[in-house]
Amino acid sequence: MRISVPVEGQEIDLDTVDLFDPRLYATGDPHPVWHALRQRAPIHRQTLPDGRSFWSVTKYHDVNDVLRDHTRFTSTKGTLLSILGAQDPAGGKMMAASDPPTHTAMREPLMKVMSHRALKDRQPQIRRIVHRRMLSHLLDGGVWDIATTAADFPMAFTGSLMGLPERDWPRLTKLTTMAVAPTDSEFQEGSGHGTLVAAHHELFDYFSRFVRRHPGGDDDLVGFLTGMEAGGRRLRHDEIVYNCYSLLLGANVTTPHAIASTVLALIEHPDEYRRLLADPSLVPGAVDEGLRWSSPANHFMRYAVHDLELRGVSIKQGDALVTWLGSANRDEDVFPDPYRFDITRRPNRHVAFGFGPHYCIGAPLAKIALNLLFEEITRVVERFEVAGPIEHLESNFVAGIKHLPLTARLRDGAEELLRDAARDGLVEA
Ligand code: HEM
């Protein structure tokens with residue numbers, strides 16, 4: 001998705017705004033549209049040609065209100081536009097598509113194994129993955145499409161966390177992208193709808209067989225799910241399968257785009273990259289600003305539980321509300337100078353990981369991986385340059401870059417460091 005700075009006074013006809021169309025995020029630019037909506041119609045209704053409709057929520061505090069309050073806005077009917085108007089079969093079974101207390105019962109035990117504290121011992125392993133899977137490409141010295149490489153990166157740490165065999169990782173990565181960008185020509189297999197159905201079918205079938213064969217035990221996340229108690233009972237087979245799917249999708253489709261978009265932002269803001277090189281303690285701030293800037297999860301949806309008012313607008317029971325996270329993260333009432341990429345922005349309470357009870361459970365893992373990656377990048381790269389056309393993912397759910405060819409000028413001594421890391425995987429921080 002392009003990230004632009006809307007020009008004051010730019011003509012946007014709110015009657016023809018189409019935030020549903022995945023092509024907007026591949027070849028268009030939603031930022032001027034979101035900007036106009038925040039100013040003129042912060043709660044805006046869009047009706048599709050087939051009669052289905054949804055409310056777009058574009059201001060930060062409204063987005064938080066919707067995401068925070070399950071008594072008014074439920075997740076059980078589906079949380080993504082791709083299934084607008086259809087009952088989500090995962091409703092009440094998958095954590096992401098449940099409301100408290102079912103949601104809380106599943107989430108609490110999982111939080112224990114997905115917290116920063118539980119995962120911090122994995123840092124050396126993830127640092128090795130950073131070198132083997134990402135930075136080793138710098139040794140080739142030519143043009144490196146960092147977006148393509150980044151697409152496989154989360155699978156390497158989530159796959160091992162979940163206990164999934166490495167031989168399955170490439171196909172699983174492809175399937176998760178097909179599920180979120182079924183109309184993108186690079187990932188489409190047949191029609192858009194057919195791609196979505198086929199990806200879901202294969203993923204659920206894969207996890208169903210994998211879970212049945214799994215011996216159990218707490219060595220990996222799938223084993224943990226099979227033994228976990230939620231609300232005084234073990235999870236059923238379908239609940240385990242849905243949650244495996246959700247964990248994998250959550251990790252695979254978002255993290256790569258945070259990487260590519262943050263690297264692009266640092267190329268476009270060379271002063272910020274120079275600050276980072278001079279002071280690596282700024283890496284966590286840069287990662288957070290990259291997340292705000294890119295907002296890789298573009299939207300999440302809820303349905304109104306009863307008739308209600310939001311910012312004075314009447315919402316009827318059963319209406320769908322779509323919170324646009326990329327818009328909330330540019331709300332000028334919350335973020336001073338929101339179109340400025342500032343790695344020392346404080347405070348930076350972005351909603352890239354959502355807000356409220358469904359706040360991303362993978363955020364600690366994602367942050368560990370992103371911090372390690374950018375720590376290592378700043379150790380070895382003096383400067384990146386764009387070396388070819390940038391291509392964006394066709395998806396209304398994931399704001400993503402699928403191709404970002406670049407060249408890198410390495411720092412003094414970096415080649416040796418990269419070679420050592422590639423050879424034996426031992427990298428001293
Ligand atoms: C940069 C990376 C990531 C971004 C931007 C991101 C974004 C989000 C957002 C916005 C939500 C809120 C959904 C809602 O309100 O309905 C969420 C939830 C979730 N994410 Fe992530 N995510 C990332 C990484 C991960 C990773 C690494 C995992 C798994 C290992 C993961 C698994 C999940 C799950 C299972 C949920 C549902 C949580 C719940 O319902 O309580 N995510 N994510």
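**A walk through the fold, from overall shape to the iron**

Let's start with the big picture: the protein has 17 helices and 14 strands. Its radius of gyration comes out at 21 Å, close to the 22 Å that the globule rule gives for 429 residues, so the protein is as compact as a globular protein of that length. Keep in mind that this is a predicted model. If you box up the C-alpha atoms along the principal axes, you get roughly 65 × 60 × 45 Å. Of the 429 residues, 57% count as buried. Take the contacts with a separation of 6 or more, and 71% of them come from residues 24 or more positions apart.

Now find the sheet. Five strands make up an open sheet with mixed pairing, and they run in the order E1-E2-E10-E7-E3. At the edges sit strand E1 (43-47) and strand E3 (73-74), each of which pairs on one side only. Strand E2 (residues 53-57) and strand E10 (residues 320-324) run parallel, joined over three bridges. To see one of the partnerships, look at Val-57, whose bridge partner in E10 is Thr-323. Helix H3 (residues 60-68) packs on this sheet, where it touches E1, E2, E3, strand E7 (299-304) and E10. The direction of H3 makes about 125° with that of E10.

Next, have a look at helix H2 (residues 31-40). Eight of its ten residues are buried, so this helix is largely enclosed by the rest of the structure. The buried ones are His-31, Pro-32, Val-33, Trp-34, His-35, Ala-36, Leu-37 and Arg-38. And what lies over them? The cover includes helix H1 (23-26), H15 and two strands from the sheet you just visited, E1 and E10.

H15 (325-328) also helps you find the metal. The loop between helix H15 and helix H16 (363-380) holds Cys-360. Which protein atom serves as a donor to the iron of the ligand? It's the SG of Cys-360, the single donor from the protein, 2.3 Å away from the iron. With a relative accessible area of 27%, Cys-360 is partly exposed.

While we're on cysteines, the structure holds zero disulfides. Cys-244 is in none, and the nearest cysteine sulfur to it, that of Cys-360, is 16 Å away. Why does Cys-244 count as buried? Because its relative accessibility is 0%, and the cut-off for buried is under 20%.

Moving on to helix H11 (residues 237-252), you'll find Leu-247 there. This leucine is buried, at 12% relative accessible area. Leaving out residues up to four places away in sequence, Leu-247 touches Met-114, Met-162, Leu-221, Leu-225 and Ile-361. For a sense of distance across the model, go from Leu-247 to His-403: they are 156 residues apart in sequence and 24 Å apart in space, C-alpha to C-alpha.

Last stop is helix H16, home of Asn-371. At 17% relative accessibility, Asn-371 counts as buried. Setting aside residues up to four places away in sequence, Asn-371 touches Val-283, Pro-284 and Val-287.

How values were computed
Residues are numbered from 1 along each chain as its sequence is written. This is a predicted model: local features need pLDDT of at least 70, side-chain atom pairs count only at pLDDT 80 or more; totals for chains, interfaces and linings use all residues. Side-chain values use heavy atoms; hydrogens and water are left out. A disulfide is a pair of cysteine sulfur atoms within 2.5 Å. Buried means under 20% relative accessible area, exposed over 50%, partly exposed in between (1.4 Å probe, protein chains only). Two strands pair if DSSP finds at least two bridges between them. Helices (H or I, at least four residues) and strands (E, at least two) are DSSP runs, numbered from the N terminus. Contact means heavy atoms within 4.5 Å. Axes are lines fitted to C-alpha atoms, for helices over the stretch in contact, and angles run from 0 to 180 degrees between N-to-C directions. Donors are N, O and S atoms within 2.8 Å of the metal (3.2 Å for Na, K and Ca); water is not among the atoms, so sites may look incomplete. The radius of gyration is taken over C-alpha atoms; the globule rule is 2.2 Å times the number of residues to the power 0.38.
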